[in-house]
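Biologist: I want to learn how to read a structure like this one. Please show me, one feature at a time.

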Number of protein chains: 4
Amino acid sequence: MKEPIIKPSRSALRRQRDKEYRYQSILNAAEKLFAEKGYHQTSMEQIGDLSEVSAATVYSYFRNKEDLLLTAMRKSGYEFRKMIGDAFGAADHSMDGLKNAGLSFFRDFCLKHPEKAIILFREAVGQGEEVEDQRKKLFMKMALDIKNALLKLSDNIGFKYESDRSAEIMAVSIVGIYAQIACHYMIWDDSSCNLMDIADSAVAFTIGGVSSLISNEKSKPN
Amino acid sequence: MKEPIIKPSRSALRRQRDKEYRYQSILNAAEKLFAEKGYHQTSMEQIGDLSEVSAATVYSYFRNKEDLLLTAMRKSGYEFRKMIGDAFGAADHSMDGLKNAGLSFFRDFCLKHPEKAIILFREAVGQGEEVEDQRKKLFMKMALDIKNALLKLSDNIGFKYESDRSAEIMAVSIVGIYAQIACHYMIWDDSSCNLMDIADSAVAFTIGGVSSLISNEKSKPN
Amino acid sequence: MKEPIIKPSRSALRRQRDKEYRYQSILNAAEKLFAEKGYHQTSMEQIGDLSEVSAATVYSYFRNKEDLLLTAMRKSGYEFRKMIGDAFGAADHSMDGLKNAGLSFFRDFCLKHPEKAIILFREAVGQGEEVEDQRKKLFMKMALDIKNALLKLSDNIGFKYESDRSAEIMAVSIVGIYAQIACHYMIWDDSSCNLMDIADSAVAFTIGGVSSLISNEKSKPN
Amino acid sequence: MKEPIIKPSRSALRRQRDKEYRYQSILNAAEKLFAEKGYHQTSMEQIGDLSEVSAATVYSYFRNKEDLLLTAMRKSGYEFRKMIGDAFGAADHSMDGLKNAGLSFFRDFCLKHPEKAIILFREAVGQGEEVEDQRKKLFMKMALDIKNALLKLSDNIGFKYESDRSAEIMAVSIVGIYAQIACHYMIWDDSSCNLMDIADSAVAFTIGGVSSLISNEKSKPN
DNA sequence: AATGAATGAGCTTTCATTCAT
DNA sequence: GATGAATGAAAGCTCATTCAT
């Protein structure tokens with residue numbers, strides 16, 4: 001049965017647009033405040049103030065405060081993964097891709113959206129069951145992405161890792177490296193100015209670790 | 001004039017011992033609960049209940065709830081550093097020492113005191129200014145320890161890193177790797193059973209990264 | 001460009017009125033309880049109960065418990081001063097005005113609002129720095145009002161006091177007399193029935209004191 | 001039956017003396033702190049600290065905190081009454097006696113023991129049922145003393161007041177005057193330097209009030 | 001749809017007081 | 001008798017969340 005196509009009226013469109021705009025401005029406000037003052041130190045009223053609505057209105061866009069954090073985290077996670085994926089793909093899944101992905105993380109993610117990095121690596125940590133559960137899922141996906149990239153890479157070069165596990169562990173390690181470097185040099189000790197130099201070293205370390213395992217495998221029979 | 005030497009009475013000694021015991025049992029209770037239910041989900045009363053004192057008594061041993069977290073974090077941090085330092089030193093600051101330190105972290109720290117790892121890597125994160133400040137200091141010390149170990153290592157082998165910075169970044173990366181592996185395979189996905197296998201791989205990755213940079217340096221003129 | 005005139009809607013007006021009503025009923029409840037049971041013996045919850053709101057609501061109308069006491073004190077102080085001022089003015093600032101003011105204090109202030117007198121002369125005393133500071137300021141204003149009345153009075157009669165100080169001291173004394181009489185015969189020893197007889201005597205004493213000083217001055221060669 | 005007379009041993013005597021000394025030093029500490037920081041702002045521990053005993057020891061000398069306040073108040077009250085009585089008696093219960101008593105209050109009581117005045121006129125006010133009850137009794141006794149003095153005075157001069165009540169009211173008023181002047185010029189506005197000038201005026205006002213009523217009576221038939 | 005207002009549900013914290021030693 | 005230690009009992013206060021308008 002065909003649904004009658006209702007052409008949305010002009011005002012309905014505007015309303016729709018306004019709504020979307022509100023949603024974003026609230027979310028942005030939350031991100032900003034969570035990153036700046038911390039999740040617990042931010043009240044719903046402050047989020048309302050910054051996004052120019054009342055605290056009650058925030059509730060018609062987000063289930064609750066936790067939902068705001070979850071959404072912000074998911075969004076950041078999504079961008080993280082996209083960035084990594086794009087960078088890796090752009091270099092045909094080569095070793096250079098791995099390098100690019102690492103540099104891109106620092107250049108395009110951390111430096112451009114520090115608040116996202118802070119939420120992902122600090123504010124979403126230690127905030128109770130539901131958040132932790134989502135964070136776990138997200139980080140597992142991130143690790144999986146990297147693991148797949150590593151597998152593709154080895155495929156391309158024509159070697160394989162000792163085990164599937166091995167690639168996974170490397171992936172998890174890489175996530176750890178990036179997270180810690182971001183935390184250390186951007187969040188704690190504001191070295192934003194020369195973060196890219198640091199990034200170079202960190203990426204070199206990463207590549208070194210990966211290569212060494214690949215080489216090791218290479219020399220092995222089988 | 002001779003000061004009378006006040007020999008602590010037997011009862012005073014016992015009281016002293018009792019007090020120390022209380023202090024420890026409260027701190028242990030807090031660690032356990034923070035790790036199990038989360039910092040914010042734990043009330044002072046629950047800590048009192050578990051350590052068989054009243055909440056008010058908890059306050060005569062610790063300034064406030066934050067103080068408990070800080071103390072727990074500091075303690076965990078201290079043990080982390082000691083473990084790493086001992087393991088590295090036990091192998092004469094050689095490359096094996098680096099390996100031992102890594103394995104020791106997983107074997108003697110994570111598996112034996114998972115609640116300490118959880119506090120260090122999860123519950124102490126995202127808990128406001130003071131805690132964050134202390135955490136930063138602690139993690140910087142941890143990174144410094146590892147950096148110094150790396151420097152000693154290179155001295156022993158007779159090579160040096162491209163720069164001081166370079167060693168530092170490796171150290172920070174190593175902290176990141178360990179933290180993330182612990183989080184991933186122990187906290188999230190309880191693979192405690194075979195954590196040591198995972199540890200092997202992670203350590204291999206670490207060693208690979210370090211070696212590669214050392215080798216790279218080696219091949220460089222000067 | 002013309003600003004659109006925002007006419008407050010009917011509902012907004014009602015809300016405004018409701019709010020004002022709430023504020024008053026909370027303040028009245030606090031006054032009643034402070035006077036009856038004492039400031040420290042009254043909890044925020046009890047104030048909420050009596051004014052039929054929750055304790056949390058009390059906090060959205062008053063900063064804290066102290067704020068309630070301060071407000072109550074200020075309000076009582078304002079009414080005290082108004083009453084005295086009116087009574088004195090109504091009799092053209094004559095000696096009769098002084099008398100009227102005294103009688104009015106007992107008749108219209110103490111007997112009609114005993115809780116206000118109790119707050120002013122008992123509950124606001126000895127309650128810490130901020131309250132004491134405000135109380136001091138209030139009582140100084142009260143004394144100043146009376147002093148000015150005394151000065152006007154002497155002007156009217158054509159005599160002057162030995163010094164400005166002298167009038168001030170009389171004023172302070174008068175405040176003391178009224179406060180003590182109220183405390184003694186209304187708060188402690190409920191003689192409300194014949195408080196006005198007592199008032200007559202107290203006022204007579206006051207007038208006597210003032211007159212005597214005026215006379216003394218009169219007889220002095222300027 | 002005759003009690004055997006036990007001659008107290010030397011050590012028992014010393015113990016007795018020590019105990020008395022402790023009692024006084026605790027009470028003094030409490031007076032000092034109550035006057036300086038306020039009753040509620042003073043904790044038992046602080047009282048202990050200042051008198052060099054533990055808070056628990058304070059409880060073997062005084063029933064509770066309220067008891068300390070009550071004792072301090074009673075002691076101050078006793079000295080107030082003694083001072084007034086002596087001064088009045090020293091001048092043969094004449095009008096000069098009244099004057100002396102007033103001056104003595106300011107000179108020998110307020111200036112010498114400001115903390116006593118503060119406790120009597122500020123800290124003991126508004127502190128709950130039991131304290132208020134004792135305070136009432138004390139102030140009634142004080143008023144009665146003065147009333148009796150006034151009656152003796154009128155006897156001496158050969159006139160009488162309109163009624164017994166009349167003398168009582170004057171007495172209460174006088175207490176009020178002294179209390180307020182002390183509060184105003186010593187506690188609030190530290191005019192200790194010239195408090196005696198102020199005292200002169202206040203006493204003059206008092207005497208004026210009394211005289212006027214006596215004169216009034218005198219001129220009346222009967 | 002937006003919001004002012006109300007509140008439930010906690011939580012931390014303080015202290016006077018007691019008691020075993 | 002002195003005291004270190006423990007605690008009961010509140011109290012003040014905050015905030016995420018709900019709901020009537």
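Modeller: Start at the DNA. α3(A) gives the most to the surface near DNA strand E, with 4 residues. Here "near" means that a heavy atom of the residue lies within 4 Å of the strand. Helices are DSSP runs (H or I, at least four residues), and strands are E runs of at least two, both numbered from the N terminus. This is a predicted model, where local features need pLDDT of at least 70, side-chain atom pairs count only at pLDDT 80 or more, and totals for chains, interfaces and linings use all residues. Residues are numbered from 1 along each chain as its sequence is written, chains are lettered from A and ligands numbered from 1 in the order in which they are written, and side-chain values use heavy atoms, with hydrogens and water left out.

Biologist: Which elements supply at least two residues of the surface near DNA strand E?

Modeller: Every protein chain takes part. Chain A and chain D each bring α3 (55-61), while chain B and chain C each bring α1 (10-37) and α3 (55-61).

Biologist: Which residues come nearest to DNA strand E?

Modeller: There are 30 residues around the strand, and A:Arg22, A:Thr57, B:Tyr59, B:Lys65 and C:Thr57 come nearest. Sort the surface by class too: 12 residues are nonpolar, 11 polar and 7 charged. Nonpolar covers Ala, Val, Leu, Ile, Met, Phe, Trp, Tyr, Cys and Pro; charged covers Asp, Glu, Lys and Arg; the others, Gly among them, are polar.

Biologist: What part of DNA strand E do the protein atoms meet, backbone or bases?

Modeller: Count the strand's atoms within 4 Å of the protein: 70% belong to sugar or phosphate, and the rest to bases. Now look at single atoms. A polar contact is a pair of N or O atoms within 3.5 Å; within protein, one must be able to donate a hydrogen and the other to accept it, and residues adjacent in sequence count only if both atoms are side-chain atoms. The side chain of C:Arg22 has an N or O atom 2.7 Å from a phosphate oxygen of DNA strand E. C:Lys19 puts a polar side-chain atom 3.1 Å from a phosphate oxygen of that strand. D:Met44 uses a backbone N or O atom instead, 3.0 Å from a phosphate oxygen of DNA strand E.

Biologist: Let me try the other strand. Which residues come nearest to DNA strand F?

Modeller: Among 30 residues around DNA strand F, look for A:Tyr59, B:Arg22, B:Thr57, C:Tyr59 and D:Thr57. Backbone atoms appear here as well: A:Met44 has an N or O atom 3.0 Å from a phosphate oxygen of DNA strand F, and B:Ser54 has one at 3.0 Å. C:Lys65 reaches with its side chain, a polar atom lying 2.9 Å from a phosphate oxygen of the strand. The largest share of this surface, 4 residues, comes from α3(D).

Biologist: Next, the protein chains. How many residues does the contact between chain A and chain B take from each?

Modeller: It takes 44 from chain A and 44 from chain B, where contact means heavy atoms within 4.5 Å. About 3,600 Å² is buried between them, and carbon and sulfur atoms give 69% of that. Buried area is the accessible area (1.4 Å probe) that two parts lose on being put together, summed over both. On the chain A side, A:Ile169, A:Trp188 and A:Phe205 lose the most area to chain B, together 20% of what that side buries.

Biologist: How many salt bridges are there between chain A and chain B?

Modeller: The count is 2. The rule asks for a side-chain nitrogen of Lys or Arg within 4 Å of a carboxyl oxygen of Asp or Glu. B:Arg122 and A:Glu132 make one, with closest N and O atoms 3.9 Å apart. There are also 7 residue pairs in polar contact across this interface (both at pLDDT 80 or more). On chain A, α6 (114-123), α7 (129-157), α8 (164-188) and α9 (195-219) each supply at least two residues. α8(A) has the largest share, 16 residues.

Biologist: What about chain C and chain D? How much area do they bury between them?

Modeller: About 3,600 Å², 69% of it on carbon and sulfur atoms. C:Ile169, C:Trp188 and C:Phe205 lose the most area on the chain C side, together 21% of what that side buries. D:Glu132 and C:Arg122 form a salt bridge, closest N and O atoms 3.9 Å apart.

Biologist: How far apart are the nearest C-alpha atoms of chain A and chain C?

Modeller: They are 14 Å apart, and the two chains do not touch. Chain B and chain D do not touch either, with nearest C-alpha atoms 14 Å apart.
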